[in-house]
Amino acid sequence: MICVLSDTHGTDGHRLDDQLLDTVREADLVVHAGDFTTERVLDAFETESRAFRAVYGNNATPAVRERLPGERVVDHEGVTIALTHGDGRDETGLALFGRQADADLVISGHSHQPGVTDTGEIVLLNPGSHADPRWYRPGYAELDVKEGRVEGRLLEPDGEVFEEFVVEL
């Protein structure tokens, strides 16, 4: 299982509790679409994760920017993920980024609004923010890679599923 997060906006730690902390610890891969804010937050995620891939966001300190790329491509169990924070990119820009990376899925954050958009060419996933949802519901995503597809769900930090989706590979 892949656990997908974004927009932690912390200063001292990962801001993970209970169910979500267990999910991060159990995930085969944790993917974070940026805005850790500080190195302590980044370190906390790396400590809790078996495998961890991330990008920096627009609120990252220079130290975080030195450690992470602004965008990256992640290959895991036959699925290719184009990962970016997403600031400065609209839906068309995100889809173009995904096509250029020959990705199956684009993961971004920035807006804090959890959601899934199928553009017809590529699926865009924003997990929302588990810790700083602003005026949206708090969220994160879980992805299960099955033969020929990714089964995904958006959840609240307590584990309540509020949207399910499929990405055909």
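**View 1. The five-stranded sheet, β4-β5-β6-β8-β7, in this predicted model.** Here we have an open sheet of five strands with mixed pairing. Look to the edges for β4 (71-76) and β7 (115-118), each of which pairs on one side only. Going from one strand to the next, the twist averages 20 degrees.

**View 2. Where β6 meets β8.** Strand β6 takes in residues 105-107 and β8 residues 123-126; the two run parallel, joined by three bridges. To find your place, start at Leu-105, which stands opposite Val-123 in β8.

**View 3. Helix α4 lying across the five strands β4, β5, β6, β7 and β8.** The helix covers residues 91-100. Against β5 (79-84), α4 runs at about 135 degrees. While you're on this helix, pick out Phe-97: Arg-89 lies over the face of its ring, 4.5 Å from the ring centre.

**View 4. The six-stranded sheet, β3-β2-β1-β9-β10-β11.** This one is an open sheet too, and its pairing is mixed. What stands at the edges? That would be β3 (52-54) and β11 (161-168); each has a single partner strand, so one side of each is left without a neighbour in the sheet. On average, neighbouring strands here are turned by 20 degrees against each other, direction ignored.

**View 5. The β9 and β10 pair.** Residues 140-146 make up β9 and residues 149-155 make up β10. How many bridges hold this pairing? Seven, in the antiparallel sense. A handy landmark is Val-145, which stands opposite Val-150 in β10.

**View 6. Helix α1 on the six-stranded sheet.** Helix α1 (residues 18-26) lies across three of the strands: β1 (2-5), β2 (29-32) and β9. Its direction is at about 125 degrees to β1.

**View 7. A cluster of phenylalanines.** Phe-36, Phe-45 and Phe-52 are linked into a cluster by ring pairs. The count of aromatic pairs in the model comes to four. One of them is Phe-36 with Phe-45, an edge-to-face pair with 5.7 Å centre to centre and 70 degrees between the planes. Are these two rings' residues buried or exposed? Phe-36 is buried, and so is Phe-45.

**View 8. Trp-135 and Tyr-136, a tilted pair.** The ring centres of Trp-135 and Tyr-136 are 5.6 Å apart, with 50 degrees between the planes. Trp-135 counts as exposed because its relative accessible area is 68%, over the 50% cut-off. Tyr-136, at 25%, is partly exposed, since that value falls between the 20% and 50% limits.

**View 9. Arg-137 over a ring.** Moving along to Arg-137, we find this residue over the face of Phe-162. The distance to the ring centre is 4.0 Å.

**View 10. Zooming back out to the whole protein, with four helices and eleven strands.** The C-alpha atoms fill a box of roughly 40 × 30 × 30 Å along the principal axes. With 169 residues, a compact globule would have a radius of gyration near 15 Å, so the 14 Å of this protein agrees with that. Buried residues make up 52% of the 169. As for contacts with a separation of 6 or more, 49% are between residues 24 or more positions apart.

Conventions. Residues are numbered from 1 along each chain as its sequence is written. This is a predicted model: local features need pLDDT of at least 70, side-chain atom pairs count only at pLDDT 80 or more; totals for chains, interfaces and linings use all residues. Side-chain values use heavy atoms; hydrogens and water are left out. Two strands pair if DSSP finds at least two bridges between them. Axes are lines fitted to C-alpha atoms, for helices over the stretch in contact, and angles run from 0 to 180 degrees between N-to-C directions. Contact means heavy atoms within 4.5 Å. Rings of Phe, Tyr and Trp (its six-membered ring) pair if their centres lie within 6.5 Å; planes under 30 degrees apart count as stacked, over 60 as edge-to-face and the rest as tilted. Buried means under 20% relative accessible area, exposed over 50%, partly exposed in between (1.4 Å probe, protein chains only). A charge sits over a ring if NZ of Lys or CZ of Arg is within 6 Å of the ring centre and within 35 degrees of the ring normal. The radius of gyration is taken over C-alpha atoms; the globule rule is 2.2 Å times the number of residues to the power 0.38.
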